[in-house]
Amino acid sequence: MDDPIMVEVKDLHFSRGNTDIFRGVDLQIPLGKITAIMGPSGTGKTTLLKLIGGQLVPDRGQVLIDGQDVHQLPRRSLFTLRRRMGMLFQSGALFSDLDVFENVAFPLRVHTELPNAMIRDIVLMKLQAVGLRGARHLMPSELSGGMARRVALARAVALDPELVLYDEPFVGQDPISMGVLVQLVKKVNQALGLTAVMVSHDIKETLSIADYVYIIADGRVMAHGTPQTLNVNDDAHVKQFVHGEPDGPVPFHYPAPDFFDDILAPAGQFS
Amino acid sequence: MTRYIATLGRATLDTLSTIGRAGLFLIQSIFCLPSREGFHLWLRQMHFVGVMSVAIVLVSGLFIGMVLALQGFTILVSFGADEALGQMVALSLVRELAPVVAALLFAGRAGSALTAEIGLMKATEQLTSMEMIGVDPLRRIVAPRFWAGFISLPILTVLFGVVGIWGGYLVGVDWLGVYKGSYWSNMQDSVDFVDDVLNGVIKSLVFGLVVTWIAVFQGYDLVPTSEGISRATTRTVVYASLAVLGLDFVLTALMFGDLG
Ligand SMILES: Nc1ncnc2c1ncn2[C@@H]1O[C@H](COP(=O)(O)OP(=O)(O)OP(=O)(O)O)[C@@H](O)[C@H]1O
Ligand SMILES: [Mg+2]
């Protein structure tokens, strides 16, 4: 990759309790491109986004955004840096005391001095893009899961940030909204030239819009490359993942003792 | 034995680190520049924390004043000193009962609500997403709630005292027949503004600080699960009540200890 780098993750180590989640991860997120992060459920993709956003502090290693070490910044500067980022949470995380319109308007109201009329135009534009302009008066509790996520997406890009972190933007969408959202992610990326990091399990959609892909498993980067090179990658792990096969070297199960031993364990020895 | 010592040591360290975090948390959240936005947020919280607690405080104040007059009258009348009823009711309310009972009610009514609200925001990642938008939840969520609690408790305490004295009047004068003039004049003669009223208000300021601090910190620091929220809510009420009663003793000793 010869593109300038927006985010650089160097030798990242992170553990929760006794479980090591990352054991030396190195990533480079190129400026103005869509980088996808894929991997089995529970490998720490959400954790990685939170480390990049400075929510969690690594045990070792660095995250550099635009040359600044996120975890060395004082609180004030970290918040300033975050104004240039948008994040779509896996759970949506809409503010439950604000309606849809105000949720999307929130970043604009707190970070800009724009007049109300202009805020209204921007918010309606963003809501139109996710197909929810008509739902602007609903409260988050009145939305379906997929709708909430689309509102959260509109909020994440409300300020036209330079870097957007999407945590599973396509989950819970019907085929039509899925197609629209895929195009939307692509479009904001192209039109505004923003850098996107996208965690997703939807392989086909992801590979269709991503410029670069990292596959994470076992606390490490297992493979990386452009969608074309990954599609023809011969490694058994990569093949299994990219083609979604149940059998192969990547385990489907959370680490556990042998299934039969567990089922047949004599009473009194249950753990 | 060694395990016992280790457990004790760990508990001590945990407690110390919690106190440290709570202190930092207080400092980070209360020192923020007032702004027009912040004022609106504060006003909203004054409504939720303060105005919504008025009813419970008024009703309790009224009943406590009435009970005081009833109990006080039966004792005072046996010494033939029933004109001193006004003095007795007013002093007990202003010095002790209004600050303490209002603070206990406040911990149950507003403190638990603050903890649960902030805790639920944490559990649904609203606090995290606010941080990612570049807004510090300490300033936006915690600070307005903190200031609202700190300021509304003294006001609630004054209301409690006023209604209590009126309740004492209803029972003492209207019902038991204490002479109206002596109820008020005895009160005026004996209640000192600085020694009694001001000290009562100072107590309620301290209680307001401590109760609100415990409530918002418990909410901000809890384990983000439904069980964590319920535990933290209980802890808020228990810790806040104990802190109020303990501090009341200390403050009373400092303020009135050398009077007699
Ligand atoms: N708050 C937490 N406390 C302790 N462990 C956690 C916590 N959050 C996540 N984990 C653990 O960290 C690991 C990584 O979690 P993470 O949410 O990052 O996975 P993920 O890759 O995003 O999975 P998915 O694709 O299912 O969203 C998991 O094994 C999980 O058990
Ligand atoms: Mg995840």
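Below, two people talk through a predicted two-chain model and the cut-offs behind its labels.

Colleague: What should I know about the ground rules?

Modeller: It's a predicted model, where local features need pLDDT of at least 70 and side-chain atom pairs count only at pLDDT 80 or more, while totals for chains, interfaces and linings use all residues. Residues are numbered from 1 along each chain as its sequence is written, chains are lettered from A and ligands numbered from 1 in the order in which they are written, and side-chain values use heavy atoms, with hydrogens and water left out.

Colleague: OK, chain B. What makes up its secondary structure, in helices and strands?

Modeller: Nine helices and zero strands, and the pattern along the sequence reads α-α-α-α-α-α-α-α-α. Helices here are DSSP runs of H or I with at least four residues, strands are runs of E with at least two, and both are numbered from the N terminus. The C-alpha trace of chain B spans about 65 × 55 × 30 Å along its principal axes, and 46% of the 260 residues count as buried.

Colleague: Why are H4(B) and H8(B) called roughly parallel?

Modeller: Helix H4 (residues 85-123) and helix H8 (residues 193-221) of chain B pack at about 15°, with axes 8 Å apart. The axes are lines fitted to C-alpha atoms, for helices over the stretch in contact, and the angle runs from 0 to 180 degrees between N-to-C directions. Angles under 35 degrees count as roughly parallel, over 145 as roughly antiparallel, 65 to 115 as roughly perpendicular, and the rest as oblique. So H4(B) and H8(B) are roughly parallel to each other.

Colleague: And what makes H3(B) oblique to H6(B)?

Modeller: Helix H3 (residues 54-78) and helix H6 (residues 137-175) of chain B cross at roughly 40°, their axes coming within 7 Å. That angle makes H3(B) oblique to H6(B).

Colleague: Which hand does the crossing of H3(B) and H6(B) have?

Modeller: Right-handed, and H4(B) passes H8(B) in a right-handed crossing too. The call is right-handed if the near helix is turned clockwise from the far one by less than a right angle, and left-handed if anticlockwise.

Colleague: Back to H4(B) and H8(B). How do you know that Arg95(B) and Asp196(B) form a salt bridge?

Modeller: The test is a side-chain nitrogen of Lys or Arg within 4 Å of a carboxyl oxygen of Asp or Glu. For Arg95(B) and Asp196(B) the closest N and O atoms are 2.7 Å apart, so they form a salt bridge. Arg95(B) lies in helix H4 and Asp196(B) in helix H8 of chain B, so the pair ties together parts that are 101 residues apart in sequence.

Colleague: Why is Asp196(B) called buried?

Modeller: Buried means under 20% relative accessible area, exposed over 50%, and partly exposed in between, using a 1.4 Å probe and protein chains only. Asp196(B) has 2%, so it counts as buried, whereas Arg95(B) at 26% counts as partly exposed.

Colleague: What does Lys203(B) form with Glu96(B)?

Modeller: A salt bridge, with the closest N and O atoms 2.9 Å apart. This pair also links distant parts of the chain, Lys203(B) in helix H8 and Glu96(B) in helix H4 of chain B, 107 residues apart. Lys203(B) counts as buried at 0% relative accessibility, and Glu96(B) is partly exposed at 25%.

Colleague: How many salt bridges does the whole structure have?

Modeller: The search finds 15 over all chains. In chain A, Arg109(A) pairs with Glu102(A), the closest N and O atoms being 2.8 Å apart. Arg109(A) is partly exposed at 34%, and so is Glu102(A) at 25%. There's also a salt-bridge network linking Asp66(A), Arg84(A) and Glu162(A).

Colleague: What makes Ala93(A) and its phi worth flagging?

Modeller: Most residues other than glycine have a negative phi. Ala93(A), not a glycine, has a positive phi of about 55°. Ala93(A) sits in the loop between strand E6 (85-88) and helix H3 (100-111) of chain A, and counts as buried at 4%. Asp11(A), in strand E1 (residues 5-16) of chain A, has a positive phi of about 45° and is partly exposed at 32%.

Colleague: Last one: why does Phe259(A) count as exposed?

Modeller: Phe259(A) has a relative accessibility of 57%, so it counts as exposed. Phe259(A) lies in helix H10 (residues 259-264) of chain A.
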